[in-house]
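User: I would like to learn how to read a structural model feature by feature, with the general idea before each case. Could you take me through one?

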Amino acid sequence: MSIPSFMLPTNFRNDKNIKRMIKEFDVQGYGIAVYLLETLAETDNHMYPYRDIDLLADEMRISTAKIETVIKRYNIFEIIETTDGDMFISSKLNRWLEPYYAGKEQRQLAGRISALKRKQKQIEQLNLLSQIDSSQRSLNDRPTINESINKSINESINIIDDETE
């Protein structure tokens, strides 16, 4: 799986909820939020098990309570129930990833079209070669002038031999 890129809006820090998060946790809160967004971007379906946030806390060397607060309080993330348990996601991240997936889909479509065009060209070239080969074969099947003359001479000799006998 390739890891998608996304553009964090340049005014992300100016959102009222983000300002409140920075007020509560200083700039560390902003760093936690971005770390969580990057983590989600790397995961399948951009979801992360809520029960595993302690692992993220260990990676970031912060308390689980801080991560829980950033996830629950500032409208950047949501917690959803799945068959695999509670997961946290970010609808904002999913919107920011739309251009990445649109570009990826466009490149895949262009690749498929290019492959079809190459295959069509190969088929056309094979058809052309087949036509050339069959026309050359029919030419080769026809006797050359020398062969025709020799055949004619041989037939004449045979007729003369038959008459003289």
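The dialogue below goes through the core, a helix, a salt bridge, some single residues and a surface patch.

Analyst: Please keep in mind throughout that this is a predicted model.

User: Let us begin with the interior. Which residues of the largest nonpolar core touch the most other members?

Analyst: The general idea is that in soluble globular proteins nonpolar side chains tend to be buried together. Here the largest nonpolar core has 27 residues, and those that touch the most other members are Leu36, Ile67, Ile76, Phe77 and Phe88. The elements that give two or more residues to this core are α1 (16-25), α2 (27-42), α3 (53-60), α4 (64-73) and α5 (91-141), and the largest share, 6 residues, comes from α2.

User: If I centre the view on Phe77, what does that residue touch, leaving out residues up to four places away in sequence?

Analyst: With those sequence neighbours set aside, Phe77 touches Ala33, Leu36, Leu37, Leu40, Val70, Ile71, Phe88, Ile89 and Ser90.

User: How should I read a single helix such as α4, and which of its residues are buried?

Analyst: An α-helix has 3.6 residues a turn, so residues three or four places apart point the same way. In α4 the buried residues are Ile67, Thr69, Val70 and Ile71, and what covers them includes α1, α2, α3, β2 (78-82) and β3 (85-89).

User: Turning to charges, how many salt bridges does a search of the whole structure find?

Analyst: The search finds 1 salt bridge, in which the side chains of Arg73 and Glu24 meet at 2.7 Å, N to O. Arg73 belongs to helix α4 and Glu24 to helix α1, so the pair ties together parts that are 49 residues apart in sequence. Arg73 is partly exposed because its relative accessibility is 47%, and Glu24 is likewise partly exposed, at 40%.

User: What should I make of Lys92, and which side chain of opposite charge is nearest to it?

Analyst: Lys92, which is found in helix α5, is buried yet has no salt bridge, and the nearest side chain of opposite charge, Asp15, is 4.0 Å away. Apart from residues up to four places away in sequence, Lys92 touches Asp15 and Asn75.

User: Asn75 has come up there. Where is Asn75 found, and what is notable about its backbone?

Analyst: Asn75 is found in the loop between α4 and β2, and its phi is near 55°, a positive value in a residue other than glycine. His46 also has a positive phi, of about 55°, although it is not a glycine. His46 is placed in the loop between α2 and β1 (48-49), and it counts as buried because its relative accessibility is 8%, under the 20% cut-off.

User: Which residues does Tyr101 touch, sequence neighbours up to four places away aside?

Analyst: Tyr101, which lies in helix α5, touches Pro4 and His46 on that count. The C-alpha atoms of Tyr101 and Pro4 are separated by 8.1 Å, although the two residues are 97 residues apart along the chain. Tyr101 itself counts as partly exposed, at 36% relative accessibility.

User: Finally, what residues make the nonpolar surface patch?

Analyst: A nonpolar patch of about 390 Å² on the surface is made by Leu126, Leu128, Leu129 and Ile132. Of these, Leu128 lies in helix α5, and this leucine is partly exposed because its relative accessible area is 48%, which falls between the 20% and 50% cut-offs.

Key
Residues numbered from 1 in each chain as written. Predicted model: local features only at pLDDT ≥ 70, side-chain atom pairs only at ≥ 80, totals over all residues. Heavy atoms only, no water. Core = buried A, V, L, I, M, F, W, Y, C linked by side-chain atoms within 4.5 Å. Buried < 20%, exposed > 50% of the residue type's maximum accessible area, 1.4 Å probe, protein only. Helix = DSSP H or I, 4+ residues; strand = E, 2+ residues; numbered from the N terminus. Contact = heavy atoms within 4.5 Å. Patch = residues over 30% accessible without salt bridge, like charges linked within 9 Å, V, L, I, M, F, W, Y side chains within 5 Å. Areas by Shrake-Rupley, 256 points an atom, 1.4 Å probe, with all protein chains shown as cover. Lys, Arg positive; Asp, Glu negative; His and termini not counted.
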